[in-house]
Amino acid sequence: MIRVNIEDTGITVSGHAQRLPGAPPGHNIICAAVSTLTLTLIEGLEKVAGVEIDGTEAPGYVRIIWKDRLNEVGHALVSTYVLGLQGVQGSYGEIEIVTAP
């Protein structure tokens, strides 16, 4: 299970999804989709929204922290990121999305 925690100050992605039947190791479509969405979010926040971020990355773990409040473009990118995650979740499951109140 992949868990995505979305807070006012950043996002944490942790865990791994089960491989689909018949998929060899390293060929997990769910993990690949979440990784692609997350890396695109990082690039978008930095290069499109101009948001300064700090990050930590390890196998099965990514932490993104924005140094200041998100601007309007940053909020739009995070909202779009969540839509992408929900699409993967709806098709394959294996993702838990938690948002701060």
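T80 sits in helix α2, which covers residues 72–92. Bear in mind that the model you're looking at is a predicted one. The chain has 2 helices and 5 strands in all, and T80 is a handy place to start looking around. From there we can move to the end of the chain, then to helix α1 and strand β2.

**T80 and helix α2**
- A polar atom in the side chain of T80 lies 2.8 Å from the backbone oxygen of A76.
- How far apart are T80 and I6 in sequence and in space? They're 74 residues apart along the chain, while their C-alpha atoms are 13 Å apart.

**The loop after helix α2**
- G93 belongs to the loop between α2 and β5, and E94 is found in that loop as well. Strand β5 itself takes in residues 95–99.
- Is G93 buried, exposed or partly exposed? With a relative accessible area of 23%, G93 is partly exposed, because the buried class is for values under 20% and the exposed class for values over 50%.
- E94 gets the label partly exposed too, at 25% relative accessibility.
- Leaving out residues up to four places away in sequence, G93 touches I30 and V88.
- I30 is 63 residues from G93 in sequence, yet the two are 8.6 Å apart from C-alpha to C-alpha.
- E94 has a backbone quirk: its phi is positive, at about 65°, although E94 is not a glycine. Why point that out? Most residues other than glycine have a negative phi.

**T38 in helix α1**
- Helix α1 spans residues 29–48, and T38 is found in it.
- T38 counts as buried because its relative accessible area is 3%, and the cut-off for buried is under 20%.
- The side chain of T38 reaches a backbone oxygen, that of V34, at 2.8 Å.
- Which residues does T38 contact, once its neighbours within four places in sequence are set aside? The list is V13, V62, I64 and Y81.

**T12 in strand β2**
- T12 has its place in strand β2, made up of residues 10–15.
- T12 is another buried residue, with a relative accessible area of 12%.
- The side chain of T12 makes a polar contact of 2.8 Å with the side chain of R63.
- Setting aside neighbours within four places in sequence, T12 is in contact with R3, V4, N5, E7, Y61, V62 and R63. V62 is also on the contact list of T38.

**The whole chain**
- In what order do the helices and strands come along the sequence? The pattern reads β-β-α-β-β-α-β.
- The radius of gyration is 14 Å, which agrees with the value near 13 Å that a compact globule of 101 residues would have.
- Taken along the principal axes, the C-alpha atoms fill a box of roughly 45 × 25 × 20 Å.
- Contacts between residues 24 or more positions apart make up 57% of those with a separation of 6 or more.

**Surface and charge**
- Of the 101 residues, 34% count as buried.
- The accessible surface is about 6100 Å², and carbon and sulfur atoms account for 55% of that.
- How many charged side chains of each sign are there? The chain has 6 positive and 11 negative ones, and the centres of the two sets lie 4 Å apart.

Notes: Residues are numbered from 1 along each chain as its sequence is written. This is a predicted model: local features need pLDDT of at least 70, side-chain atom pairs count only at pLDDT 80 or more; totals for chains, interfaces and linings use all residues. Side-chain values use heavy atoms; hydrogens and water are left out. Helices (H or I, at least four residues) and strands (E, at least two) are DSSP runs, numbered from the N terminus. The radius of gyration is taken over C-alpha atoms; the globule rule is 2.2 Å times the number of residues to the power 0.38. Buried means under 20% relative accessible area, exposed over 50%, partly exposed in between (1.4 Å probe, protein chains only). Contact means heavy atoms within 4.5 Å. Accessible areas come from the Shrake-Rupley method with a 1.4 Å probe; for residues, only the protein chains shown count as cover. Lys and Arg count as positive and Asp and Glu as negative; His and the chain ends are not counted. The place of a charge is taken as NZ of Lys, CZ of Arg, CG of Asp or CD of Glu. A polar contact is a pair of N or O atoms within 3.5 Å; within protein, one must be able to donate a hydrogen and the other to accept it, and residues adjacent in sequence count only if both atoms are side-chain atoms.
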